Amino acid sequence: APDRRGVASAAAMSDFPRPCQHCNEIVLNRTAYYRNHKKGRCLVIPGDPREAPARSEMKRAKKTRDDDNGPDDETTPPPPPAVVVFGSANVDLAMRAPVLPAPGVTVLAPSYALAPGGKGANAACACAVTGRGRNRIAMTSAFVDVFDVVVKFVGAVGDDAFGAMLKDAFADAGVDATHLATRTASAARTGCASVIVDARGENQICVGAGANATVNAKEQLGGVGAGKMLRPGDVFLTQLEVPAREVWDAIAIAKEAGLTVVLNAAPAAAVPAEVLKQVDFLVVNEHEAARVEAFAVAPGCAHPAALRGRLDPPIEAAWQIAREHRVVVVVTLGANGAAVALPVVVSSKLGFIAGAEVRRFGVAPLRANESVIDTAGAGDAFVGAFAASLARGDDVDTCMTRASYAGAAACTAKGARGGVPTGAEIDARTREEPRMAPPTRELFDARGMPVPLV
């Protein structure tokens with residue numbers, strides 16, 4: 001039902017995301033609902049016993065979780081939330097050169113380095129690292145790392161030295177690579193990517209797919225044992241560095257199993273409209289947003305004239321995709337921060353019509369002794385941190401803020417994974433001055449007309 005300001009819940013069109021009936025915050029998934037909003041928990045004042053939920057309410061909430069997640073008892077804690085990553089794993093051949101090579105031009109680099117990479121593997125490792133907190137050991141001043149989020153990687157490598165290198169990297173990051181397929185040397189070698197970074201920190205990348213071209217969604221996600229890996233309520237993350245047909249199949253399998261689907265449409269490629277209907281969160285950069293919109297938005301569905309000039313082109317494309325396909329669209333804008341478009345249903349004189357709320361986030365500040373060194377891993381760090389925060393049940397603003405800090409910190413060290421901060425470090429950065437400014441919020445109906453926010 002619509003609230004008093006005319007904004008209605010999107011529950012009529014999909015369960016999540018939807019506004020909370022108590023505080024009107026956008027609830028991203030079922031985990032966030034039960035943890036933060038069920039029975040008005042979002043209105044509870046910490047430390048105020050008068051506002052604490054009644055014991056009977058807590059029991060009912062626990063029974064509901066038990067019904068959804070299976071049997072539980074006081075001695076068996078529920079399993080931690082998980083992120084399943086389906087994607088590519090490469091070894092990066094990284095070089096630093098004065099400038100990026102132009103077509104037909106050879107550029108000399110003083111040296112090179114081998115490092116684990118691949119958009120899928122990078123995001124999985126970033127998810128594991130940013131999902132790692134720190135707990136103090138009782139009665140001591142020591143701390144121990146705690147994995148708040150379990151990360152499982154599904155992909156393929158070759159039976160070679162590069163493949164062994166990637167398996168070691170997964171183990172070091174705390175990623176479960178049980179479902180990583182190993183292909184024989186005669187079938188395919190481990191993927192490899194050439195990464196060139198110039199003096200300004202900009203990069204140029206070319207990927208040799210290798211074993212990544214042999215991933216099989218139905219075999220690796222739908223086979224024996226996959227039921228224990230794909231649990232309802234967990235997060236499924238994938239990208240487009242493996243064959244598109246396998247990505248579409250993987251999304252369908254994950255959606256049917258009840259997972260929250262996050263698609264990072266990178267590298268830039270067309271995403272069919274029928275696939276977008278199964279995606280809960282779409283993450284793109286400013287260039288990928290236009291490519292996805294050009295293919296996914298119905299022909300002849302022009303941007304509303306009233307919207308022109310109000311939003312930057314990448315954000316306008318995100319708004320159009322969110323409005324038409326009812327998917328939350330996150331767009332990264334490099335040095336200009338990030339934005340998210342959230343689909344809503346808006347009340348107007350014409351009745352309830354589809355619209356979208358746009359929230360813009362600034363760039364996360366670096367520390368005084370930090371500077372941008374390498375942007376190669378910023379996008380993957382952002383996506384991994386976003387998925388980890390989503391799996392923990394955080395709200396959309398928290399997911400965006402933590403992802404922004406992770407992406408910014410990843411630029412302060414060489415390599416695609418060198419600067420990715422742990423969850424504990426992100427917590428520390430969010431408390432330091434200067435802090436990120438609160439996001440700006442705008443709501444537009446389907447005609448592109450602004451609507452007052454609650």
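**Strand β13 and residue K119**

Mentor: In β14, L237 has V262 as its bridge partner. The chain crosses from β13 to β14 through helix α7 (residues 244-256), and this β-α-β crossover is right-handed. Keep in mind that this is a predicted model.

Trainee: What makes β13 and β14 a pair?

Mentor: Two strands pair if there are at least two bridges between them. β13 and strand β14 (residues 260-264) are joined over 4 bridges, in the parallel sense, so the condition of at least two bridges is met.

Trainee: Which strand joins β13 by bridges and runs parallel to it, apart from β14?

Mentor: Strand β4 (residues 82-86) does, through 4 bridges. There, V83 stands opposite V235 of β13.

Trainee: Which way do the residues of β13 point?

Mentor: V235 and L237 point one way from strand β13 (residues 235-238), F236 and T238 the other way, and all are buried.

Trainee: Why is K119 called buried?

Mentor: Its relative accessible area is 18%, and buried means under 20%. K119 therefore counts as buried. K119 lies in helix α3 (residues 119-130).

Trainee: How do you know that the side chains of K119 and D380 make a polar contact?

Mentor: The distance is 2.8 Å, and the cut-off for a pair of N or O atoms is within 3.5 Å. The pair therefore qualifies as a polar contact. Leaving out residues up to four places away in sequence, K119 also touches others, including S88, Q239, E241 and N264.

Trainee: What share of the protein chain counts as buried?

Mentor: 48% of its 454 residues.

Note on methods: Residues are numbered from 1 along each chain as its sequence is written. This is a predicted model: local features need pLDDT of at least 70, side-chain atom pairs count only at pLDDT 80 or more; totals for chains, interfaces and linings use all residues. Side-chain values use heavy atoms; hydrogens and water are left out. Buried means under 20% relative accessible area, exposed over 50%, partly exposed in between (1.4 Å probe, protein chains only). Helices (H or I, at least four residues) and strands (E, at least two) are DSSP runs, numbered from the N terminus. A polar contact is a pair of N or O atoms within 3.5 Å; within protein, one must be able to donate a hydrogen and the other to accept it, and residues adjacent in sequence count only if both atoms are side-chain atoms. Contact means heavy atoms within 4.5 Å. A crossover is right-handed if, with the strands pointing away from the viewer, the path from the first strand over the helix to the second runs clockwise.
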